[in-house]
Amino acid sequence: MNEKETKPRPVKIAFLMQEVRMGGIEYNSLHLAEALDPSRFQVVFVCPGEGKLTAVLLEKAIAFISYPRLPFLSTSFVLCGRSITNPLAVLYDFLQFLPLTFRLAALFKREKFDLVFTKGLLANFYGSSAGCLAGIPSVWDMQEIVS
């Protein structure tokens, strides 16, 4: 390489995590992050608080950012063997969804991410919405069984 040719910077990817426990999505995300070529990709986990996942990330020296997020509520409950929609939980989750989306969009812009990789069903929705607001493409990673 001559002086004028510069090495391109790695693609900065936000792995937007829905949980900080250690389940299938979290293990899969760790394996993927470790398999990516660090000269081409810079992975930063974006986690809702701290927990087992962030402890593992610290141990493995993998970058992460914690963001505050209240827990989402289950939008249904079972009554007499039937699943019933819980309208209060739907309202609560919706009221939490919008501010979270705007906060994450600001974080994505501030951190100059090139791609948002959402990890978890709800994270797919609020993460891709935040990416859209920030002008950053997103990829959904669907590992859930949705009934």
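Asp141 is buried, and Lys119 is buried as well. In this predicted model, the two side chains meet in a salt bridge with an N to O distance of 2.3 Å. Asp141 belongs to strand 7 (residues 138-141) and Lys119 to strand 6 (residues 115-119), so the contact ties together parts that lie 22 residues apart in sequence. Lys119 has a further contact: its charged end sits over the ring of Phe15, 5.5 Å from the ring centre.

## Overall architecture

The protein chain contains four helices and seven strands. Read from the N terminus, its elements follow the order β-α-β-α-β-β-β-α-β-α-β. The C-alpha trace spans about 70 × 30 × 25 Å along its principal axes. Of the 147 residues, 37% count as buried.

One residue of helix 3 gives a sense of distances within the chain. Val90 has its place in helix 3. The C-alpha atoms of Val90 and Phe64 are separated by 30 Å, and the two residues are 26 positions apart along the chain. Val90 has a relative accessibility of 37% and therefore counts as partly exposed, since that class lies between 20% and 50%.

## Salt bridges

Side chains of opposite charge can pair when their charged atoms come close. The model holds five salt bridges. Three of them, including the Asp141 and Lys119 pair described above, are listed here.

| Acidic residue | Basic residue | N to O distance |
|---|---|---|
| Asp141 | Lys119 | 2.3 Å |
| Glu111 | Lys12 | 3.4 Å |
| Glu26 | Arg21 | 3.6 Å |

The bridge between Glu111 and Lys12 joins distant parts of the chain: Glu111 is in helix 3 (residues 87-111) and Lys12 in strand 1 (residues 11-17), 99 residues apart. Glu111 is partly exposed, with a relative accessible area of 27%, whereas Lys12 is buried at 12%.

The bridge between Glu26 and Arg21 likewise brings together a buried and a partly exposed side chain. Glu26 is buried, with a relative accessible area of 2%. Arg21, at 47% relative accessibility, counts as partly exposed because its value does not exceed the 50% limit above which a residue is called exposed.

## Aromatic contacts

A pair of aromatic rings is described by the distance of the centres and the angle of the planes. The model contains five aromatic pairs. One of them, formed by Phe72 and Tyr126, is stacked, with 5.7 Å from centre to centre and 20° between the planes. This pair links distant parts of the chain: Phe72 lies in the loop between strand 3 (64-66) and strand 4 (76-79), Tyr126 lies in helix 4 (residues 121-134), and 54 residues separate them. Phe72 is buried, with a relative accessible area of 17%. Tyr126 is also buried, at 0% relative accessibility.

Phe108 and Phe113 form another aromatic pair, in this case edge-to-face, with 6.0 Å between the centres and 85° between the planes. The angle is over 60°, so the arrangement is classed as edge-to-face. Phe108 is buried at 0% relative accessible area, and Phe113 is buried at 5%.

Phe113 is also in contact with a charged group: the charged end of Lys12 sits over its ring, 5.1 Å from the centre. Lys12 thus takes part in this contact with Phe113 and in the salt bridge with Glu111. Lys119 offers a parallel, with its charged end over the ring of Phe15 and its salt bridge to Asp141.

Phe15 itself is part of a cluster, in which ring pairs link Phe15, Phe45 and Phe117.

## The largest pocket

The largest pocket has a volume of about 280 Å³. Ten residues line it, and those nearest its centre are Leu73, Ser74, Thr75, Leu121 and Leu122. Helix 4 supplies the largest share of this lining, namely three residues. By character, the lining residues comprise five nonpolar, four polar and one charged. Helix 4 is therefore an element of the pocket wall, and it also carries Tyr126, the partner of Phe72 in the stacked pair.

How values were computed. Residues numbered from 1 in each chain as written. Predicted model: local features only at pLDDT ≥ 70, side-chain atom pairs only at ≥ 80, totals over all residues. Heavy atoms only, no water. Phe/Tyr/Trp six-rings, centres within 6.5 Å; stacked < 30°, edge-to-face > 60°. Helix = DSSP H or I, 4+ residues; strand = E, 2+ residues; numbered from the N terminus. Buried < 20%, exposed > 50% of the residue type's maximum accessible area, 1.4 Å probe, protein only. Lys NZ or Arg CZ within 6 Å of the ring centre and 35° of its normal. Salt bridge = Lys/Arg side-chain N within 4 Å of Asp/Glu carboxyl O. 1 Å grid on protein atoms, 1.4 Å probe; cavity = no way out; pocket = protein on both sides within 12 Å on 5 of 7 lines; lining within 4 Å. Points joined across faces, edges and corners; volume = space filled by probe spheres on them. Nonpolar A, V, L, I, M, F, W, Y, C, P; charged D, E, K, R; others polar.
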